[in-house]
Amino acid sequence: MLARLVTTESGARTNQMLADVSRRGAEILDTATPAGARLDQMRRFFVQLSDDMAGGTTAAGFSDTRTVLAALVHAVTPRTVDQPAHALGRPPERVADALDSAERHPDIADPVALRYDETGACTVTTRAGRLTPAQRAALGHP
């Protein structure tokens, strides 16, 4: 039984690694290209496979993550876990779990990423590589 558990965990990590490599390839080639779109499809497949092998991420967890990210984006200012927890009527642990999930599963939060400052305040930013330099410049940001 232990050998089976170790094999499953190892397979889940391998699939997550393949998902990460596919994501980087899709970003480099751009998902609007046929090759980039295929790599993005591979990424989604390997993320799902990794999650399934590791015990799965629940739909409720995904929903929490998206709701918390929406609250942070709406607030537009740095927030600690307590602020969105209070505003959403959820325990701080549940909000912290949702933020952790967003970091561990960038496909949930795409196209945003979380950034924490030295106080632990969280801001939402564009995920690295999501916008090209030209797109960032057109939006008025380097």
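Buried means under 20% relative accessible area, exposed over 50%, and partly exposed in between (1.4 Å probe, protein chains only). The model is predicted, with local features requiring pLDDT of at least 70 and side-chain atom pairs counting only at pLDDT 80 or more, while totals for chains, interfaces and linings use all residues. Residues are numbered from 1 along each chain as its sequence is written, and side-chain values use heavy atoms, with hydrogens and water left out.

**Exercise 1. Determine which secondary structure elements the protein chain contains and in what pattern they follow.**

Step 1. Helices (H or I, at least four residues) and strands (E, at least two) are DSSP runs, numbered from the N terminus.

Step 2. The protein chain has 7 helices and 2 strands.

Step 3. Along the sequence, these elements give the pattern α-α-α-α-α-α-β-β-α.

**Exercise 2. Establish which element has the lowest mean pLDDT and which the highest.**

Step 1. The predictor's confidence in each residue is expressed as pLDDT, from 0 to 100. For the protein chain the average is 75, and 71% of the residues score at least 70.

Step 2. Among the elements, helix α3 (residues 59-75) has the lowest mean, 65, and helix α2 (residues 34-53) has the highest, 85.

Step 3. Over residues 1-6 the pLDDT is below 50, and this stretch has 0 contacts (heavy atoms within 4.5 Å) beyond near neighbours in sequence.

**Exercise 3. Find the salt bridges of the structure and state how accessible their residues are.**

Step 1. A salt bridge is a side-chain nitrogen of Lys or Arg within 4 Å of a carboxyl oxygen of Asp or Glu. Side chains of opposite charge can pair when their charged atoms come close. The whole structure holds 3 salt bridges.

Step 2. In helix α1, Glu-27 and Arg-23 are 4 residues apart and therefore separated by about one helical turn. Their closest N and O atoms are 3.2 Å apart. Glu-27 counts as partly exposed because its relative accessibility is 24%.

Step 3. In helix α2, Asp-40 and Arg-43 are 3 residues apart, about one turn of the helix, and their side chains meet at 2.8 Å, N to O. Asp-40 counts as buried because its relative accessibility is 17%; Arg-43 is also buried, at 9%.

Step 4. Asp-40 forms a further salt bridge with Arg-44, with closest N and O atoms 2.5 Å apart. Arg-44 counts as partly exposed because its relative accessibility is 45%. Through shared partners, Asp-40, Arg-43 and Arg-44 are joined into one network.

**Exercise 4. Identify the residues of the largest nonpolar core and the helix that gives the most to this core.**

Step 1. A nonpolar core is a set of buried Ala, Val, Leu, Ile, Met, Phe, Trp, Tyr and Cys residues joined through side-chain atoms within 4.5 Å.

Step 2. The largest core has 9 residues: Val-68, Ala-85, Val-95, Ala-98, Leu-99, Ala-102, Ala-109, Leu-114 and Cys-122. Helix α5 (residues 92-104) gives the most to this core, with 4 residues.

Step 3. Leaving aside residues up to four places away in sequence, Val-68 touches Leu-88, Val-95, Ala-98 and Leu-99.

Step 4. For the protein chain as a whole, buried residues make up 25% of the 142 residues.
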